[in-house]
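Here's a walk through one predicted model, written for someone who likes cut-offs spelled out. Have a look at the chain, then read on.

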Amino acid sequence: MELPGLAFALWMFICLYAPVDGYPSGKVREACTSMIPCHGSSPQPSPEHTITVNGTEFKPGDNIEVHLFGPDFEGFFIQARDAEHLHSPALGSFMLVDRRLSQLLTCGRTKNSAVSHTSKAKKKYVKVYWIAPGDAPKRVQFLATVVKKYKTFWVKIPGPIVSQPNALSPTTPLHATSEAISASHPISYLSKPFNASGCGSMKFCIRNPSSCDPESASCFFLSFQQEKSSVFIEMSGPSEGYLAFALSHDQWMGGDDAYLCVNENHHVHVSTAHLKGRSPPVLDSENALEDVSWRLVDGVLQCSFRRSIRLPTYKGRFNLDSSYYIFLADGEASEGGRIYKHHRQPLITNGMYNVTGLPQDIGGSRSPRLIKAHGALMFVAWITTVSIGVIVARFFKPVWSHSFLFGKEMWFQVHRMLMLTTVVLTSISFVLPFIYRGGWSKQAGFHPYLGCTVMALTIFQPLMAGFRPSRHAPRRQLFNWFHWSTGTTARILAVVTMFLGMDLPALDLPDPWDTYTMIGFVAWHVGTDLLLEIHSYCLVRKVEVIEDDRVQILQSLTSAEAEGRLFKQIVLTIYVCGNAVFLIAFLAAINQI
């Protein structure tokens, strides 16, 4: 067999035995290199679909319209590659026009370097924008894989070739998206990303994550550098819509001096604005910014500009020689430049800073300290103290029945101490969001309602325990049932409430890490509980056969449980250590946001 035939046979073997049956959701990262769907059949020879673009030349940072059309098709996969080396990785990044039909994918190390379908719904036409990278080769060709039906598809349909005649100078003027701005201040294209050199020594920098490299595709960066009577400002971050920062006298939106870099029809529009409460920003008709430049490459939006330290003739502009809280936000924008509310909490500095004062290199937080404390205390209460307290009460009565602490059985004292600690931690944590919000939050979904229910059950549980009947009283069995059911309900609701709270904008732990970790904790607790239940059942069923009169005597529960003392203590020790690992993981995540 010739080599091409051998390669094709190998490909067919992989596809037929691959653990996936195709990609109806468009998540086709496995096919980034080959662009071949594993559908168990060979590609069709003659394409029925066409790729077109709106130009034949490009320069770094240019946006090229890419169209894919033809007879009804279910799936597609579009990339741009070096026309001289079509087996090379995907180049540049794409921007979407209709998110219902298409989605961005990351092939290799380049973010948003490919586009695919979102479902297998039939479609005739797809339009996207390709953004030329700064290091693009001279000639770039567009390729597409199209799936008409599961067994009918075409691979690497060749599209137009666009060429780069010469590199774009960093000072070459581009057409501005605002006539007023272009008339007064020319806009230029940034030839390379920002860097952190001089942060803390020559310029005031804010970075998220802390100390991240602004050349990284995951770094939010804001810097201020004083130059005589003006300040040069740089802002960058991963965003397809807009980036914005604001100067504020407090940690709440409203009455703030804002600056926006908005992706408007695939060119960046830089403007000033004024924030009024939680309403959309009011853009200024006059722009006080100079030396405006921008760059939009590989999903990272960057802009820079200069403004005077004092602007007495511009209403709403703050003086830059005073101290402010600094907000940094990102979000989506429409093709016309209309911005939408940010999906997550803005980055906010932990204190007020003067950007023209002593240069610093700081971070910030996307979660207020009170909300962080709220989450941390709830995790301590419901991952640590409650869980251990329940295990002790359920399985350690016989083990510690003859050990006393302050005049009471040890198991009871440990259980009571842990549960009272839970009540105290939950009560303190419960009031913190109300202090932060100044009242009830209408934007937190079911989380506050479930939280109030958990708080009520948490208070009711110890009150009910205060009226506990004596051990042999007729109503003791009824009390035990109510005590168990109330506690179990509170624990289940608390876990559900924490699941909902982890993804709220004010906390927003890393996703999907937070969900998987919480599922891991629940599985860890349920697994430990089942292990101890099975162990207790085996001890109760253990029988000592006494030959005298052929009588089998069932061991007493107390003595049987006492035999398992060592095993239970080992399990409890491992369980406590495991809970500590989960707790530390959650607290570390809270500290990082």
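Start with Tyr 575: at 1% relative accessibility, Tyr 575 counts as buried. Buried here means under 20% relative accessible area, exposed means over 50%, and partly exposed sits in between, with a 1.4 Å probe and protein chains only. The ring of Tyr 575 is paired with that of Trp 524, 6.2 Å centre to centre with 5 degrees between the planes, so the pair is stacked. The cut-offs: rings of Phe, Tyr and Trp (its six-membered ring) pair if their centres lie within 6.5 Å; planes under 30 degrees apart count as stacked, over 60 as edge-to-face and the rest as tilted. Trp 524 is in helix 7 (residues 513–540) and Tyr 575 in helix 9, 51 residues apart. Unlike its buried partner, Trp 524 is partly exposed, with a relative accessible area of 29%.

Some housekeeping. Residues are numbered from 1 along each chain as its sequence is written. The model is predicted, so local features need pLDDT of at least 70 and side-chain atom pairs count only at pLDDT 80 or more, while totals for chains, interfaces and linings use all residues; side-chain values use heavy atoms, with hydrogens and water left out.

**The chain as a whole**

There are nine helices and 26 strands; these are DSSP runs (H or I, at least four residues, for helices; E, at least two, for strands), numbered from the N terminus. Of the 593 residues, 49% count as buried. Among contacts (heavy atoms within 4.5 Å) with a separation of 6 or more, 63% come from residues 24 or more positions apart.

**Helix 3 against helix 9**

How do helix 3 and helix 9 cross? The axes of helix 3 (residues 369–395) and helix 9 (residues 565–592) come within 10 Å and cross at roughly 170 degrees. The two helices are therefore roughly antiparallel; that label needs an angle over 145 degrees, with under 35 as roughly parallel, 65 to 115 as roughly perpendicular and the rest as oblique. Axes are lines fitted to C-alpha atoms over the stretch in contact, and angles run from 0 to 180 degrees between N-to-C directions. Residues meeting here include Phe 379, Ile 383 and Ile 391 in helix 3, and Tyr 575, Phe 582 and Phe 586 in helix 9. By class, this contact has 15 nonpolar, five polar and two charged residues. Ala, Val, Leu, Ile, Met, Phe, Trp, Tyr, Cys and Pro count as nonpolar, Asp, Glu, Lys and Arg as charged, and the others, Gly among them, as polar.

**More rings**

The structure holds 21 aromatic pairs. One of them, Phe 245 with Phe 305, is stacked at 6.5 Å centre to centre and 5 degrees between the planes. Phe 245 lies in strand 14 (residues 242–248) and Phe 305 in strand 19 (residues 300–308), 60 residues apart. Both Phe 245 and Phe 305 are buried, and they belong to one aromatic cluster with Phe 204, Phe 224, Tyr 259 and Tyr 353.

**Backbone oddities**

The peptide bond from Asn 208 to Pro 209 is cis, with omega near -5 degrees. Pro 209 sits in the loop between strand 11 (204–208) and strand 12 (220–227). Two non-glycine residues have positive phi:

| Residue | Phi | Place | Relative accessible area |
|---|---|---|---|
| Lys 156 | about 50 degrees | strand 9 (residues 152–163) | 24%, partly exposed |
| Lys 228 | near 60 degrees | loop between strand 12 and strand 13 (230–238) | 80%, exposed |
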